[in-house]
Amino acid sequence: MTTITRPETYLPAALMDGLDDPVPDEALERVEEGAAKTGELLIICESGDLERTWATTILASSAAASGQKVSIFFTFWGFFPLVKPGVRITGTNWMQKMLSVMNRPGIDHAKLSKLNFLGMGPWMMKKLAKQYGVAEPGELLEMAQALGVRLIPCQMSMDLMGIRREDLIDGLEEPAGAATVLQMIADGATPLFI
Amino acid sequence: MTVASITHRVDARGLSCPLPIVRTAIAIKALGSGELIEVLATDPGSTKDFTAWAKTTGHELVESSVTDGVYRFVLRRK
C-alpha cells in the first residue's frame with residue numbers, strides 16, 4: 001500500500017459531506033483495486049486555463065478513485081495553479097514579477113481561454129458549478145492529492161518564472177524535468193497532454 | 001438481495017461527476033470484503049459511470065435503478 005505523505009490527515013470538505021461514517025485512515029491510501037489492469041496515467045498539465053485545469057483535476061481524481069496510479073506534471077502556464085492561495089506576486093526580477101501581475105497565480109484564479117470577460121466568465125462558471133454540484137478545480141486537486149495523485153512541479157518552469165518552493169502548495173513531489181516525464185512514458189504510463 | 005445487509009451508504013444526490021465516484025471509492029474502503037454499500041445520486045451520467053467503475057475496480061454492481069430521478073446503486077466490495 002502506498003501511503004500519501006501529507007502534513008496532516010486532512011480531507012477536503014467536499015469529500016466528507018454525505019458520508020455516513022467517518023472516513024477511515026485507509027482512505028488516505030491509494031485506492032488499489034483495479035490498479036493491476038490499468039497502468040499509470042500521466043497528465044502533463046501545460047495550460048493554466050480554467051477549463052483545462054478542470055479537465056486535468058476531474059480525470060486525475062476519477063482515475064485515482066478507480067485505483068489507477070496517477071501523476072500530474074505541471075509545466076509552463078500549467079505551473080501557476082500550484083501556487084498557494086494568498087501568494088499574489090511571484091518571481092525575483094521585474095519580468096518575473098510582471099508575469100505574475102498579468103497572470104494571477106493560484107488555481108482559484110485561473111482564467112477561461114474564451115469568454116473570460118475580465119473574470120466575469122469564470123465567476124459565472126463557478127456560480128453554475130455550485131448550482132449543479134460540480135466541484136471546483138481547487139477542490140478536485142485537493143481530492144486528487146488525498147487519493148494519492150502525485151503532483152510533480154516542472155523545475156524549468158520554477159526557474160524561468162522565479163517561483164520558489166515556499167510559494168507552492170504542500171504535498172508536492174520533488175521538482176523534475178523532461179527526462180522524468182519521458183521515462184514514465186517509456187515505462188508504460190499513458191500520457192495526456194492537457 | 002437482503003436490504004438489511006446494506007451497512008454503508010453514500011448520499012451523492014445533487015453532486016456531479018466525478019464526486020459520486022470519488023466519494024464511493026473512499027467510502028467503500030471502510031467495508032469488509034463482500035459487504036454492501038448503497039449509493040444515491042442524481043447525476044444522470046452515474047449509471048454509465050458506476051458500471052464502468054465497477055468493471056475497473058472489480059467491485060460488483062449488485063443493483064442499478066432509478067426512481068423519480070434518484071439513481072440507486074448497490075455495490076459489493078470485492
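These are some notes on a predicted model with chains A and B, taken point by point.

1. Overall make-up of chain A. Seven helices and four strands account for the secondary structure of chain A. Going along the sequence, the pattern reads α-β-α-β-α-α-α-β-α-α-β. Chain A has 194 residues, and 40% of them are buried. If you take the chain A contacts between residues at least 6 apart in sequence, 76% of them join residues at least 24 apart.

2. The nonpolar core. The largest one holds 60 residues, and A:Ala60, A:Ile72 and A:Phe74 have the most contacts inside it. Helix H2 of chain A (residues 50-65) gives this core its largest share, eight residues. Have a look at A:Ala60 in particular: leaving out neighbours within four places in sequence, its contacts are A:Ile43, A:Val70, A:Ile72, A:Ala144 and A:Val149.

3. The chain A sheet. Here we have an open sheet of four strands, ordered E3-E2-E1-E4, with parallel pairing. Strands E3 (150-153) and E4 (190-193) of chain A sit at the edges with a single partner strand each, so one side of each has no neighbour in the sheet. On average, and ignoring direction, neighbouring strands are turned by 20° against each other. Five bridges pair strand E1 (residues 41-45) with strand E2 (residues 70-74) of chain A in the parallel sense. One pair to pick out is A:Ile44 with its bridge partner A:Phe73 in E2(A).

4. Helix H7 of chain A. This helix (residues 178-186) packs on the chain A sheet and touches E1, E2 and E4 of that chain, with its direction at about 150° to that of E1(A). How many of the nine residues of H7(A) are buried? The number is zero, so the helix lies largely in the open. That is worth keeping in mind next to its packing on the sheet. Just after H7(A) comes A:Gly188, with a positive phi of about 110°.

5. Helix H5 of chain A. H5(A) (residues 137-146) is mostly covered, with ten of its ten residues buried. The buried set includes charged side chains, A:Glu139 and A:Glu142, as well as A:Leu140, A:Leu141 and A:Met143. A:Ala144 is also on that list, and we met A:Ala144 above as a contact of A:Ala60. Just after this helix, A:Gly148 takes a positive phi of about 95°.

6. Where a helix of A meets a helix of B. H2(A) packs with helix H1 (residues 19-27) of chain B at an angle of about 30°, and the axes are 9 Å apart. The crossing is left-handed. From H2(A), A:Ser61, A:Ser62 and A:Ala65 meet B:Ile21, B:Val22 and B:Ala25 in H1(B). By class, this contact has four nonpolar, two polar and no charged residues.

7. The chain B sheet. Chain B has an open sheet of four strands too, in the order E1-E2-E4-E3, but with mixed pairing. Its edge strands are E1 (6-12) and E3 (60-67), each pairing on one side only. Neighbouring strands are turned by 15° against each other on average, direction ignored. E3(B) runs antiparallel to strand E4 (residues 70-76) of chain B, and seven bridges join the two. Opposite B:Val66 you will find B:Tyr71, in E4(B).

8. Helices against the chain B sheet. H1(B), the helix that meets H2(A), lies across E1 and strand E2 (36-41) of chain B and runs at about 150° to E1(B). Helix H2 (residues 46-57) of chain B also packs on the sheet, touching E2, E3 and E4 of chain B, and its direction makes about 175° with that of E3(B).

9. B:Gly14. Which loop holds B:Gly14? It is in the one between E1 and H1 of chain B. With 15 other C-beta atoms within 10 Å, B:Gly14 is partly exposed. Leaving aside neighbours within four places in sequence, B:Gly14 is in contact with A:Gly133 and B:Thr42. B:Thr42 is 28 residues away along the chain, yet the C-alpha atoms of the two are separated by 5.8 Å. The A:Gly133 contact is another place, alongside the helix pair in point 6, to look at chain A against chain B.

Terms used
Residues are numbered from 1 along each chain as its sequence is written. Chains are lettered from A and ligands numbered from 1 in the order in which they are written. This is a predicted model: local features need pLDDT of at least 70, side-chain atom pairs count only at pLDDT 80 or more; totals for chains, interfaces and linings use all residues. A residue is buried if 20 or more other C-beta atoms lie within 10 Å of its own, exposed if 12 or fewer, and partly exposed in between; C-beta atoms are placed from the backbone. Two residues are in contact if their C-beta atoms, placed from the backbone, lie within 7 Å. A nonpolar core is a set of buried Ala, Val, Leu, Ile, Met, Phe, Trp, Tyr and Cys residues joined through C-beta atoms within 7 Å. Axes are lines fitted to C-alpha atoms, for helices over the stretch in contact, and angles run from 0 to 180 degrees between N-to-C directions. A crossing is left-handed if the near helix is turned anticlockwise from the far one by less than a right angle, and right-handed if clockwise. Two strands pair if DSSP finds at least two bridges between them.
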